[in-house]
Amino acid sequence: AKQSGRNQAHFFTAAMQEHANQRMTLEQDLRHALERKQLEVYYQPIITGDSGDVKGVEALLRWHHPERGMIPPDQFIPMAEETGLIGSIGEWVLDTACQQIQQLAAAGHELYLSVNVSERQRDLGLDAEAVRAVLEHHNLHPSRLILEITEGLLLQDSEETVTWLQGFKDLGISLAIDDFGTGYSSLSYLKHFPVDSLKIDREFVRDLDSDRYAGSLVTAIISMAASLELRLIAEGVETEKQRLTLVSQGCRYMQGYLFCPPLPVDKLSSWLDNYRP
Ligand code: C2E
Ligand code: CA
Ligand code: CA
Ligand code: CA
């Protein structure tokens with residue numbers, strides 16, 4: 001028994017070592033992903049649920065790994081945050097997306113741009129002044145930019161966070177709370193922050209047809225947003241039934257596979273050319 005115990009310990013150590021090695025390799029690869037031009041920004045349309053008009057797009061990062069193929073952001077953004085690489089990657093996403101939203105505008109599609117910002121980027125120097133410089137460089141009006149931040153940031157409720165966010169607001173940039181409903185935000189939290197919209201997490205949208213509890217949760221979020229005069233965007237809308245339910249409850253904006261998946265800029269441009277609400 002002792003012998004097999006030792007073997008098992010050895011086995012787990014080897015597996016853990018292997019896991020650690022893989023992670024280190026991926027981390028090394030990520031360090032070079034930018035300069036090797038392996039990153040690409042995809043865009044998913046945000047539309048009005050009732051009339052189907054395209055209002056904006058959300059920028060969503062993709063990593064084309066030479067050996068592993070496409071790695072979804074959930075598998076490398078956390079690593080980018082831990083290592084601080086999210087600083088340079090985030091700057092690149094903002095710069096690229098601002099340039100490409102202007103490219104779309106030149107093709108006749110004037111849309112607003114929504115960009116995800118992690119909490120770590122604040123500590124890495126992303127502030128209103130940095131964003132203003134990028135907007136100016138691309139001649140993009142601040143009212144066309146929305147920054148999406150997660151609920152976690154609000155939980156700190158620090159003076160520092162409010163000041164940081166207010167800097168963007170003062171420029172005329174809008175702020176959205178991403179994945180709303182998954183954290184612990186409540187009405188009392190939201191009141192303290194200068195936010196303009198809430199994005200209802202797709203977890204709740206997914207359960208809209210089946211789960212009565214989730215349905216009522218969405219109802220609660222929608223009425224809360226209305227009382228705070230916040231704009232609402234539902235994520236991950238996949239079925240016509242979900243769309244209709246959301247419309248009937250008063251949720252105005254939506255994004256999801258029902259309308260369009262995230263696409264590279266050229267594909268999105270053709271999609272927009274051919275789109276009829
Ligand atoms: P998110 O901000 O909540 O983005 C929405 C996610 O839902 C995206 O996943 C999108 O592709 C996916 N999605 C859209 N419509 C549907 C649908 O109808 N059904 C389903 N099942 N999924 C749908 P994605 O692109 O894999 O991104 C995952 C997360 O990675 C994002 O979640 C965001 O938190 C993060 N992320 C992506 N790009 C960036 C970035 O540039 N910076 C930062 N900091 N985070 C990013
Ligand atoms: Ca988002
Ligand atoms: Ca989200
Ligand atoms: Ca999410």
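## Calcium ion, ligand 3

Donors are N, O and S atoms within 2.8 Å of the metal, or within 3.2 Å for Na, K and Ca. In this predicted model, the calcium ion (ligand 3) has as protein donors Asp178 (OD), Asp179 (OD), Glu235 (OE) and Glu235 (OE). They lie 1.8 to 2.7 Å from the ion. Along the chain, the donor residues follow the spacing D-D-x55-E. Asp179 sits in strand E6, while Glu235 sits in the loop between strand E8 (231–234) and helix H11 (240–249), so the pair ties together parts that are 56 residues apart in sequence.

The two residues can be placed by accessibility. Asp179 is partly exposed, at 25% relative accessibility. Glu235 is buried, at 10%.

## Calcium ion, ligand 2

The calcium ion (ligand 2) takes its protein donors from Glu58 (OE), Asn116 (OD1), Glu148 (OE) and Asp178 (OD). Their distances from the ion run from 2.1 to 2.3 Å. The sequence spacing reads E-x57-N-x31-E-x29-D. Asn116 belongs to strand E4 (residues 112–116) and Glu148 to strand E5 (residues 145–150), so this pair ties together parts that are 32 residues apart in sequence.

Accessibility again separates two donors. Asn116 has a relative accessible area of 29% and is partly exposed. Glu148, at 2% relative accessibility, counts as buried.

## Calcium ion, ligand 4, and the bridges

The calcium ion (ligand 4) has its protein donors in Asp179, which is listed twice through OD. These lie 2.8 to 3.1 Å from the ion. Water is not among the atoms, so sites may look incomplete.

Two aspartates link the ions. Asp178 bridges the calcium ion (ligand 2) and the calcium ion (ligand 3), which are 3.9 Å apart. Asp179 coordinates both the calcium ion (ligand 3) and the calcium ion (ligand 4), which are 3.6 Å apart.

## The site of ligand 1

Ligand 1 occupies the space of the largest pocket. Around ligand 1 there are 21 residues, and the nearest are Gln44, Arg62, Arg202, Glu238 and Tyr257. Strand E2 (54–65) and strand E6 each supply at least two residues of this shell. E2 gives the most, with four residues.

Several side chains make polar approaches to ligand 1. A polar side-chain atom of Arg62 is 2.8 Å from an oxygen atom of ligand 1. For Asp178, the corresponding distance to an oxygen atom of ligand 1 is 3.0 Å. An N or O atom in the side chain of Asn116 lies 3.2 Å from an oxygen atom of ligand 1. On its own, ligand 1 has 800 Å² of accessible area, and the protein covers 86% of that. Two of these contact residues also serve calcium: Asn116 and Asp178 are among the donors of the calcium ion (ligand 2).

## Backbone: positive phi

Most residues other than glycine have a negative phi. Asp179 has a positive value, with phi near 50°. Asp179 lies in strand E6 (residues 174–180) and is a donor to the calcium ion (ligand 3).

Lys37 also has a positive phi, near 60°. Lys37 is in the loop between helix H1 (2–33) and strand E1 (39–48). With 72% relative accessibility, Lys37 counts as exposed.

Definitions and conventions
Residues numbered from 1 in each chain as written. Chains lettered and ligands numbered in written order. Predicted model: local features only at pLDDT ≥ 70, side-chain atom pairs only at ≥ 80, totals over all residues. Heavy atoms only, no water. Buried < 20%, exposed > 50% of the residue type's maximum accessible area, 1.4 Å probe, protein only. Near = heavy atom within 4 Å. Polar contact = N/O pair within 3.5 Å; in protein donor to acceptor, adjacent residues only side chain to side chain. Areas by Shrake-Rupley, 256 points an atom, 1.4 Å probe, with all protein chains shown as cover. 1 Å grid on protein atoms, 1.4 Å probe; cavity = no way out; pocket = protein on both sides within 12 Å on 5 of 7 lines; lining within 4 Å. Sits in = over half its atoms within 2 Å of the grid points.
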